[in-house]
Amino acid sequence: MDSSRQDKVRKFEEFVDKRLKPDLIHAINQRDKVFEQQKVFADLRRNIESLEKNSVTSLRTLVNLGSEVYLQAEVPDTQRIFVDVGFGFHVEFTWSEALNYIEKREEKITRQIQEYTQLIASIKAQIKLVCEGIRELLQLPAEKSVPERIF
């Protein structure tokens, strides 16, 4: 193989390793963070719905102060709750207001997950395209495509 082909192969491999793979890892990590947000809001929604269903007006609970140190707390009125809306701000909501806010946030989170999923698919396609270019430069036979299983 001549040196120009070797140089092209090296540049393609470098592009995959130094640009595409880190971008893919970053996109996956960002999507995972959004999945965590989705779980937090789903848990909060279920808790509020449980409070409503059971007509809970007050409760006693344990609050984690950190380092697995807990403090017993009493909530005399559960009709209003504080929800973290980001940037360190908490807003006081009634149950119905909180559920409306959660619904809107869940819609936004679903869109973000879809965007990250599309970005991940795009980066994977770019990696596959570059790998195909490397295969052609090396004059290797094409891989047989195996149909992907969908479970």
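Student: How much space lies in the largest pocket?

Tutor: About 390 Å³. Keep in mind that this is a predicted model.

Student: Which residues should I look at, then, as the closest to the centre of that pocket?

Tutor: Start with Leu44, Asn47, Leu51, Ile81 and Phe82, which are the closest to the centre among the 20 residues of the lining. Next, ask which elements supply the lining: helix 1, strand 1 (59–66), strand 2 (69–75) and strand 3 (80–86) each give two or more residues.

Student: Which element gives the most to the lining?

Tutor: Helix 1, with six residues. If you sort the whole lining by class, you get 13 nonpolar, four polar and three charged residues.

Student: OK, on to helix packing. At what angle do helix 1 and helix 2 pack?

Tutor: The general idea is to take the angle between the two helix directions, then see which range it falls in; over 145 degrees counts as roughly antiparallel. Here helix 1 (residues 3–53) and helix 2 (residues 95–137) pack at about 160°, and their axes are 8 Å apart. So helix 1 is roughly antiparallel to helix 2. As for handedness, the crossing of helix 1 past helix 2 is left-handed.

Student: How many nonpolar, polar and charged residues does the contact of helix 1 with helix 2 have?

Tutor: The contact has 30 nonpolar residues, along with seven polar and 12 charged ones.

Student: Now the strands. How many bridges join strand 1 and strand 2?

Tutor: For a strand pair, look at the bridge count, the sense and one partner pair. Strand 1 and strand 2 pair over seven bridges in the antiparallel sense. To get the register, find Thr61, whose bridge partner in strand 2 is Ala73. Their hairpin has two residues between the strands, and Ser67 takes a positive phi near 55° there.

Student: And how many bridges join strand 3 to strand 4?

Tutor: Six, and strand 3 and strand 4 (residues 89–94) run antiparallel. Val83 has Val91 of strand 4 as its bridge partner.

Student: Which residue takes a positive phi in the hairpin of strand 3 and strand 4?

Tutor: Phe87, near 55°, in a hairpin with two residues between the strands.

How values were computed: Residues numbered from 1 in each chain as written. Predicted model: local features only at pLDDT ≥ 70, side-chain atom pairs only at ≥ 80, totals over all residues. Heavy atoms only, no water. Axes fitted to C-alpha atoms, helices over the stretch in contact; angles between N-to-C directions. Helix = DSSP H or I, 4+ residues; strand = E, 2+ residues; numbered from the N terminus. Parallel < 35°, antiparallel > 145°, perpendicular 65-115°, else oblique. Left-handed = near helix turned anticlockwise from the far one by under 90°. Nonpolar A, V, L, I, M, F, W, Y, C, P; charged D, E, K, R; others polar. 1 Å grid on protein atoms, 1.4 Å probe; cavity = no way out; pocket = protein on both sides within 12 Å on 5 of 7 lines; lining within 4 Å. Points joined across faces, edges and corners; volume = space filled by probe spheres on them. Pairing = 2+ DSSP bridges.
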